[in-house]
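Here are a few notes to go with your first look at this structure. Keep the view open beside you and follow the points in order.

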Amino acid sequence: MAARRHRFAALSVYAGKVGGGIMRGMGWAVLLIVAWGTLAFGAVYEWAYRPLMVACVVVGVWGLLRRVPSVRRGVCGAVLAGLLVTAAAIGVQLMPLERATLQQVSPGTDAFLRQYDVAYAQEVLAGGKALGLQQPIQHPISINPARTWTGLALLGAFGIFLLGLARGLDGFDVRTIVPGLTALGVVLSLVGIIQKALWNGKVYGFWEPINHGAGPFGPFINRNHFAGWMLLAIPVAIGYFSAQIAKGMQGVRRDWRSRIVWFSTNQANRTVLVGFAVLVMGMALVMTFSRSGVSCLLLALAISAANVWRHQATRAKKRWLSGYLLFVFVLAVSWAGIDALAERFSHVNWQMGGRAPAWDDAWRIHQMFPWLGAGFNTYGTATLLYQRNDLLAHYIEAHNDYLQILVEGGWLVAVPVVLTVLLFAREVWKRFREGEDDQTGYWIRLGAVTGIVAMAFQEVVEFSLQMPGNAALFCVLGAIAIRKTSAHRARE
């Protein structure tokens with residue numbers, strides 16, 4: 001009998017360890033999602049973004065159902081409300097309306113469809129009887145409902161992913177994700193550097209974009225999107241590096257022998273490796289010659305340096321770490337070539353490198369669909385008829401995601417988006433006010449917020465977040481920024 005009890009107890013312990021290991025696997029699952037979204041060319045193709053969506057939903061639901069401390073049991077209600085209102089606004093664009101109603105609420109849609117949709121135009125000319133129809137002509141507000149459904153599905157998947165991670169991630173997961181993300185950043189950087197030096201711009205050495213002016217770098221067809229990924233990852237790596245510096249040499253004597261001995265410890269090795277990773281990632285970003293990427297990298301480094309001066313404990317650490325961040329930028333610029341980089345920036349004029357004409361088109365299209373928009377994820381469809389500038393190329397993005405949201409969603413969608421952003425910012429502020437993070441968690445949260453801010457500035461002139469792989473990483477940073485921390489931090 002005693003032997004049976006012993007075997008049962010041993011089995012229970014083993015089962016608990018296995019179950020705990022499975023529950024601890026969320027961090028690795030997140031890393032796999034980010035890696036897939038990144039390595040599969042940013043997940044821009046249907047064969048890549050569909051599995052990404054499914055994986056995001058699965059892991060998001062996992063986080064929503066996961067057993068967590070009481071302080072994290074609730075879903076972030078404010079952000080959830082903002083996302084639901086935004087999704088509902090997009091859903092309005094997909095509701096079929098009779099043509100008479102459509103002409104009243106969105107005359108721009110009716111005018112566009114009469115030029116773009118042959119079947120719609122025939123029905124209009126024949127009074128709805130061209131195809132033997134007995135019912136009045138109906139069409140949603142969206143000029144391309146199929147693309148709007150795709151956009152709504154992506155929004156839903158990433159929303160579930162964000163909220164699930166914000167609730168489900170614990171400190172162990174975060175400390176798994178951040179080093180893994182840093183390692184992935186180094187791999188991507190080396191791939192991009194080798195690609196530029198040896199592969200003549202071909203992605204992975206064999207994939208050549210159809211558009212020879214695309215400027216691929218790493219796994220991305222557009223170098224600006226690679227820069228966008230790095231703008232998210234580098235500040236988080238810097239936050240982790242700052243945490244290692246903050247903990248470095250604690251309890252170590254101030255004599256030189258003790259300090260030298262400390263450099264043989266695991267903590268010292270980890271600190272050196274993370275610092276080296278930040279340097280390599282910064283060099284790769286600058287080598288893209290993405291003007292928005294380099295400018296926002298400088299902004300991210302400046303914000304990180306300001307955080308160092310505000311939150312590092314000793315003046316020596318403040319000076320050392322700030323100096324290292326300056327060294328990263330100077331060495332990266334020198335490695336890429338100061339003259340080449342200066343020439344790249346010298347091409348910026350009042351047209352913002354070709355962006356201003358695209359913005360002019362976008363604003364004009366917005367005036368055709370001011371209130372209800374052309375339809376979420378339909379900008380490329382609208383420009384088939386309404387693009388007036390640079391007609392040698394078809395602009396499927398506005399090169400300004402804020403303006404593109406206004407075009408596609410009108411004020412119907414733009415207002416809920418702004419509301420969601422404000423609610424998200426309030427949640428981030430509340431997490432800092434609560435002050436429940438331990439030292440490492442606090443620095444990682446600062447890094448995540450810095451990455452989000454850097455991306456927000458790049459989106460003024462780019463569309464990096466339209467790459468599903470970048471959007472998935474953005475959700476991870478957003479979850480880290482708003483996740484609550486248990487008061488029993490040691491158990492996380």
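How many salt bridges does the count come to? The points below start there and then move around the chain.

1. The count comes to 13 salt bridges. One thing to keep in mind before going further: this is a predicted model, so read every value here as computed from that model.

2. For the overall picture, the protein has 20 helices and 2 strands. Of its 492 residues, 52% are buried. If you take the contacts with a separation of 6 or more, 78% of them are between residues 24 or more positions apart. On the outside, the protein exposes about 23,500 Å², and carbon and sulfur atoms supply 65% of that area.

3. Now pick out one salt bridge, the one where the side chains of Asp170 and Arg66 meet, at 3.8 Å from N to O. This pair links distant parts of the chain, with the two residues 104 positions apart. Asp170 sits in the loop between α8 (145-168) and α9 (171-198), while Arg66 sits in the loop between α3 (46-65) and α4. So a loop-to-loop link is what you should see on screen.4. Are the two partners in that bridge buried or exposed? Asp170 counts as buried because its relative accessibility is 9%, under the 20% cut-off. Arg66 is buried as well, with a relative accessible area of 5%.

5. Next, go to helix α18, which covers residues 401-434. Here the side chains of Arg431 and Glu427 meet in a salt bridge, 3.0 Å from N to O. Both residues lie in this helix, 4 residues apart, which is about one turn. Both of them are buried.

6. Arg431 has another partner to look at: Glu434 forms a salt bridge with Arg431, and the closest N and O atoms are 2.9 Å apart. This pair also lies within helix α18, at a spacing of 3 residues, again about one turn of the helix. Arg431 is buried, with a relative accessible area of 3%, whereas Glu434 counts as partly exposed because its relative accessibility is 37%. Salt bridges that share partners join these residues into one network, made up of Arg426, Glu427, Lys430, Arg431 and Glu434.

7. Which residues is Phe41 in contact with, leaving aside its neighbours within four places in sequence? They are Trp47, Val203, Tyr204, Trp207, Pro219 and Ile221. Phe41 itself is found in the loop between α2 (26-39) and α3, and it is buried, with a relative accessible area of 7%. Take Val203 from that list: Phe41 and Val203 are 162 residues apart in sequence, yet their C-alpha atoms are 8.6 Å apart in space.

8. Last, turn to the surface. Val75, Leu80 and Leu84 form a nonpolar patch there, and together they have about 230 Å² of accessible area. Leu80 is found in helix α4, residues 77-93. Why does Leu80 count as partly exposed? Because its relative accessibility is 31%, which falls between the 20% limit for buried and the 50% limit for exposed.

How values were computed: Residues are numbered from 1 along each chain as its sequence is written. This is a predicted model: local features need pLDDT of at least 70, side-chain atom pairs count only at pLDDT 80 or more; totals for chains, interfaces and linings use all residues. Side-chain values use heavy atoms; hydrogens and water are left out. Patches are made of residues with over 30% relative accessible area and no salt bridge: like charges are joined within 9 Å, nonpolar side chains (Val, Leu, Ile, Met, Phe, Trp, Tyr) within 5 Å. Accessible areas come from the Shrake-Rupley method with a 1.4 Å probe; for residues, only the protein chains shown count as cover. A salt bridge is a side-chain nitrogen of Lys or Arg within 4 Å of a carboxyl oxygen of Asp or Glu. Buried means under 20% relative accessible area, exposed over 50%, partly exposed in between (1.4 Å probe, protein chains only). Contact means heavy atoms within 4.5 Å.
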